[in-house]
Amino acid sequence: MVNDQHNDKFGFIDAEFDRRNATRQLRELRNVLPLNGIEININGRTMLNFCSNDYLGLSMHPLLQERSIEFIHKYGSGATASRLICGNYDFYEQVENKLAQLKQVESALVLSSGFQANISVIPALADRNSLILSDQLNHNSLIQGARLARCKVAVYRHNDLSHLAQLLKQNADKGFSRIFIVTESVFSMDGDVADMEGLVELAKQFNVFLIVDDAHATGVFGHKGMGLTCGHDIDLVIGTFGKAGGSFGAYLACSKKLRIYMINCCSGLIYTTALPPSVLGAIDAALDLIPAMDAQRKTLHANAEYLRQSLHEKGWQTGSSSTQIIPIMIGKAADALELSKWLEENGILISAIRPPTVPEGSSRIRLSLSALHTRNHIDRVIDVLEKWRSNK
Ligand SMILES: Cc1ncc(COP(=O)(O)O)c(C=O)c1O
């Protein structure tokens, strides 16, 4: 009897495992050991890493490590409470002022992570009578944020501003309390770019909010590497330090008024322990380094261009990528998995991306480049890809 109840209670978990096993979608964690910005050891094997978002190689930079240690020595290992209680250590002001100046906005607010920012900032702004217009390829955290807002959400075709304009027109007089456009600047799965000017123009024309997630552009594009949103009149920019920033955490770049609003209304800031001082130390150091890393950005963009060109010459499709994120379109999930495994057997780590992360039939392997990759590394990838194709 006890056993039956037990089985019933956890039956849904077994069913989920069965479903995932049948579709080869059961995910597993693996132990990895980072060796440097571009090599990683897995199960005793050193592999060339094309999966990381450490676009500038900052995760291993000595200045980030030193500043983290300095902050630990001065402030301790934990912030002990949320920022509104007693966790708002004095370095926040320094970091947020630095960030606001670099992003060319009135103010900035550091939050715990990009995911946490997106799922709490959007519901803080939208009420049940709002409308969110969301790009079809938005990151899961933006989708979850829109769901948590419990308002109407309409999805516009990816990067299709005429479709967005049509939805804005259709909904302008429908009595929504407020309307939000939500998009990424550099799209994480396709590596293409949203039209900032066009979006700003539409937001102005229809007097709606514009929210842009600059996660994959921060450190990589824009004035002093401060993102594609830099210099554009965007109501709210969200970004993270966990990618090109080389550490962890997230930021909002916005007006002073919106910053105060978020301090009062954003659950992801109010109901969580402030980030540990070590993380703020790393963020502070990254903000000192990123503006001066034009040479690394140039190498990164040249690497991306070289890889795309080499792939196209061999007949591989890279979709609409124009950034350091380059998908190689494969189609079937099984083929993408097989290719990823083949690459791994040959010492190259590139993950397969498949449904539900991307639409059915558009499975791919996705490469994220680093400024630390060399032409030889990229040539090695092309070589191993070609061998896979000729063995098929
Ligand atoms: C577009 C986008 N937004 C937000 C996030 C989440 O950021 P974080 O890793 O800081 O939680 C990611 C990361 O996967 C992302 O790709």
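**Group meeting: strands, helix pairs and a few odd backbone spots**

Let me start with one residue pair: L48 stands opposite I348 in β12. This is a predicted model, by the way, so keep that in mind as I go through it. L48 sits in β3, residues 45–49, and that strand runs parallel to β12, with 2 bridges joining the two.

Zooming out from that pair, what is the strand order in the open sheet? The order is β1-β2-β3-β12, so to speak, four names for 4 strands, and the pairing is mixed. At the edges you find β1, 32–34, and β12, 348–349. Each of those has a single partner strand, so one side of each is left without a neighbour in the sheet.

Okay, next strand: β10, residues 250–254. Is β10 enclosed or open? Well, 5 of its 5 residues are buried, so the rest of the structure largely encloses it. For anyone thinking in terms of neighbour counts, buried here means 20 or more other C-beta atoms within 10 Å. Looking at the side chains, A250, L252 and C254 point one way, Y251 and A253 point the other way, and all are buried.

Who pairs with β10? One partner is β4, residues 107–111, which runs antiparallel to β10 and is joined to it by 5 bridges. In that pairing L111 stands opposite A250. Another partner is β9, residues 236–240, again antiparallel, again over 5 bridges. There, V237 is the residue standing opposite A253.

Now helices. Packed pairs get described by two things, the angle between the axes and the distance between them. Take α5, residues 114–125, against α6, residues 140–148: the angle is about 30° and the axes are 7 Å apart. That makes α5 roughly parallel to α6. The crossing is right-handed. On the α5 side the contact uses G114, F115, N118, I119, V121, I122 and P123, and on the α6 side S141, L142, Q144, G145, A146 and L148. Sorted by class, you get 8 nonpolar and 5 polar residues, and no charged ones.

The other pair I want to show is α2, residues 62–75, with α11, residues 277–289. Their axes come within 7 Å and cross at roughly 140°, and the two helices are therefore oblique to each other. The crossing of α2 and α11 is right-handed. From α2, the contact residues include L63, R67, E70, F71 and Y75, and among those they meet in α11 are P277, L280, D284, A285 and L289. The class split for this contact is 11 nonpolar, 3 polar and 3 charged.

Last bit: backbone geometry, for those of you who like to check torsions. There's a cis peptide bond between P355 and P356, with omega at about 10°. P356 is in the loop between β13, 351–353, and β14, 363–368.

And which phi values are positive outside glycine? One is Q104, with phi near 60°. Q104 is in the loop between α4, 91–103, and β4, and it counts as partly exposed because it has 16 C-beta neighbours inside 10 Å. Another is R150, with phi near 55°, in the loop between α6 and β6, 152–156. R150 is exposed, with 12 other C-beta atoms within 10 Å.

That's my tour, thanks.

Definitions and conventions:
Residues numbered from 1 in each chain as written. Predicted model: local features only at pLDDT ≥ 70, side-chain atom pairs only at ≥ 80, totals over all residues. Axes fitted to C-alpha atoms, helices over the stretch in contact; angles between N-to-C directions. Parallel < 35°, antiparallel > 145°, perpendicular 65-115°, else oblique. Left-handed = near helix turned anticlockwise from the far one by under 90°. Contact = placed C-beta atoms within 7 Å. Nonpolar A, V, L, I, M, F, W, Y, C, P; charged D, E, K, R; others polar. Pairing = 2+ DSSP bridges.
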